[in-house]
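Welcome! Take a moment to turn the structure around on your screen, and then we can walk through its architecture together.

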Amino acid sequence: MTKEEILTELANAVIEGDEDLAEELARKALDEGVDAYEAIINGLAKGMSIVSEKYDKGEAFVPQLLIASTAMYAGMDILTPHVKIEGAEKPATVVIGSIEGDVHDIGKNLVKTMMSAAGFKVIDLGSDVLLEEFIKAAKKNKADIISMSSLMTTTMTGMERVIEMLQEEGIRDAVKVIVGGAPISERFAEEIGADAMRYDASSATDWALEAVKALPPTEERWSDQQIALSRRKYREILAAKAPKAAVDIGRITAEKVMKEFDSVVPKFVSAMTKAERFTAAFDDKKVDRLPTAPLACGVSRKFVPCTYKDYSTNAEKYAECVYTGIKYFNMDTFIGLTDLCVDAADFGADIRYPEEDTPAAKGHLEDYEKLEVPELKEGTRAYNLIMGNKLATEKAHSLNAPMTALIEGPMIALTQIMGASRVLADIKTNPDVVKKGLEKTTEYVENVMKMMFEEAQPDNLCMVTLWTNNFIMSADEYMMTEGEIMQNRIAPLYKQYNKPVIIHNCADAPHWDLIHKWEAKAYSYTYYPHEANKGSKDYRYLITNHGKETMFMGQANPIIFLDNSPEGLKKIKDDTMELMEGVLNTLKDNGMQSRYVISTGCEVPPGAACDAVTAETYLVAEKGPELQKRIIG
């Protein structure tokens, strides 16, 4: 084979995701005297670039990207030891990981793959990375760039702490910091002091290539003298910051909200009870105002108070958080999100339980074949969740409010147990084992549903189906896995108990047309304006195209509740008024009057201020009736 033929075949091996062929061709390249670096860049990396371009165009999905990256790394493992590194040709080093508490690693893995393909040396710390590990890895490898990602609003604030730690260590100026993930905005990145944020792997890689060009030499940036100067430089900046660890803004604002709420009894005089309003909106009947139900679940614990660990593992504490959340936030229903690793814990995955943040599945299982459906009994996390919702339902009803329990769908459970990137890659390479695994998690989910309906008896049961996402899988791929299960097993079980199908999906761009296959009556969603051209849809589109059959809950940005400054509170109120008016006008234009809930499509971060949440919910209660009457009549 000629050199050109070898390079072309290396690229094709990556495109096809053929790991064995990539290894064979890598050895062939060495045997034929092809420069190892050229084989990587013009062979393997070129193939990866082609797959990435297809992904950006919606012609390929995450499973294809993952198996392509596996083939690329297989070839790189053989070629990299033979790359000649001389002085300036030494590759720049990137330390990458998903922030502490966040087990999602798909986006991070895509960035890792593209940066590797671009010639960077990538130190992958994995997911749920302890904050100090970013610092240790940066110092050990004299890194040029630190890349942090977060898909969960509950974990993203850890990024700021990493940047502060870099300042404390005197190495902030030694590295560039880039952050990313669906909930991350340019404003957030700027506020925490990051150098850049990007939403996709390709643009992150392009930025990194330019960023390292502007960096001074490694020896200069990482010298003891420069570190000492930098440490002194940031000392005053850090000293001027309020000591966040010493101030529990959630608890302080919770006390303020409770005091003000209890000083006026009743706080709100309404024409309808919460239960009447929510039920009427479900059926698009006349209401006094739109219902509101922000996913301020973990924040509600500040009223009790209790730790996040207690909230997610103690049935009594959870129920008390539901009661106080409905009462003091004036929610029309509480959507009982605790975390997404309940089933994973019962199947035997290793779970980490932080005191003040959401639990995360840390240790994944190895063998699909060895998965055994756990007995649903006292001592399991699912049983605790069921008992918590039983108590919570009683407490919600005492406030004339409906209770909406929440559980994981079969695919979320499996990806938490085995690891998301692994499962999604196996869908392409070994779909039979994935289906066997899904059979086990589906059986457990069905058992949880039955006990939830029979024992806890919440008014509604919401299921998380995160992977119904056109960034992750095609509609056909999804239907071959969880979609088929949702249609043929989960939806019929809802019908068996005469309950509406309610879905929560904080993904960027769900396959909207699929929700009718299982007759979803309510859908909790997140809208990302920056992904509008790729399928993320706002309330106007959703109400117009699907509102006759489905009540939508979402749109409000959960990140804004981190800011309870006067300016921040004003923005929350302005945004809420704009959302209410827009929703009501869109409902009216489509011959409807109430089928929508003012909500956040993703969890409000646990560190948010309680008065920031009430800035939204109280405004809806105060201004909603007037708007409803003026616009709907």
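Let's begin with an open sheet of seven strands, whose order is β6-β9-β10-β11-β12-β13-β14 and whose pairing is parallel. At its edges sit β6 (334–336) and β14 (596–600), each of which pairs on one side only. From one strand to the next, the twist averages 25°. Keep in mind as you look that this is a predicted model.

**Inside the sheet**

Two of the strand pairs are worth tracing by eye. Here they are side by side:

| Strand pair | Bridges | Direction | Facing residues |
|---|---|---|---|
| β9 and β10 | five bridges | parallel | L406 and C462 |
| β13 and β14 | five bridges | parallel | F552 and Y596 |

In the first pair, β9 covers residues 403–408 and β10 covers residues 460–464. In the second pair, the chain leaves β13, passes through helix α23 (residues 566–589) and arrives at β14, making a right-handed β-α-β crossover.

Is the edge strand β14 mostly covered or mostly open? It is mostly covered, with five of its five residues buried. Residues Y596, I598 and T600 lie on one side of β14, V597 and S599 lie on the other, and all of them are buried, so both faces of the strand are covered.

**Helices against the sheet**

Now look at the helices that lie on these strands. Helix α21 (residues 475–496) lies across β10 and β11 (501–505), and runs at about 160° to β10. Helix α22 (residues 539–546) also packs on the sheet, where it touches β12 (520–525), β13 (551–556) and β14. The direction of α22 makes about 170° with that of β13.

**The whole protein**

Zooming out, how many helices and strands does the protein have? Its secondary structure comes to 24 helices and 14 strands. The C-alpha trace spans about 80 × 60 × 50 Å along its principal axes. For 633 residues, a compact globule would have a radius of gyration near 26 Å, and the protein's 25 Å agrees with that.

Of those 633 residues, 59% count as buried. Contacts also link parts of the chain that are far along the sequence from one another: among contacts with a separation of 6 or more, 77% are between residues 24 or more positions apart. Finally, the accessible surface comes to about 25,400 Å², and 48% of it belongs to carbon and sulfur atoms.

Definitions and conventions: Residues numbered from 1 in each chain as written. Predicted model: local features only at pLDDT ≥ 70, side-chain atom pairs only at ≥ 80, totals over all residues. Heavy atoms only, no water. Pairing = 2+ DSSP bridges. Helix = DSSP H or I, 4+ residues; strand = E, 2+ residues; numbered from the N terminus. Axes fitted to C-alpha atoms, helices over the stretch in contact; angles between N-to-C directions. Contact = heavy atoms within 4.5 Å. Rg over C-alpha atoms; globule rule 2.2 N^0.38 Å. Buried < 20%, exposed > 50% of the residue type's maximum accessible area, 1.4 Å probe, protein only. Areas by Shrake-Rupley, 256 points an atom, 1.4 Å probe, with all protein chains shown as cover. Right-handed = clockwise from strand over helix to strand, strands pointing away.
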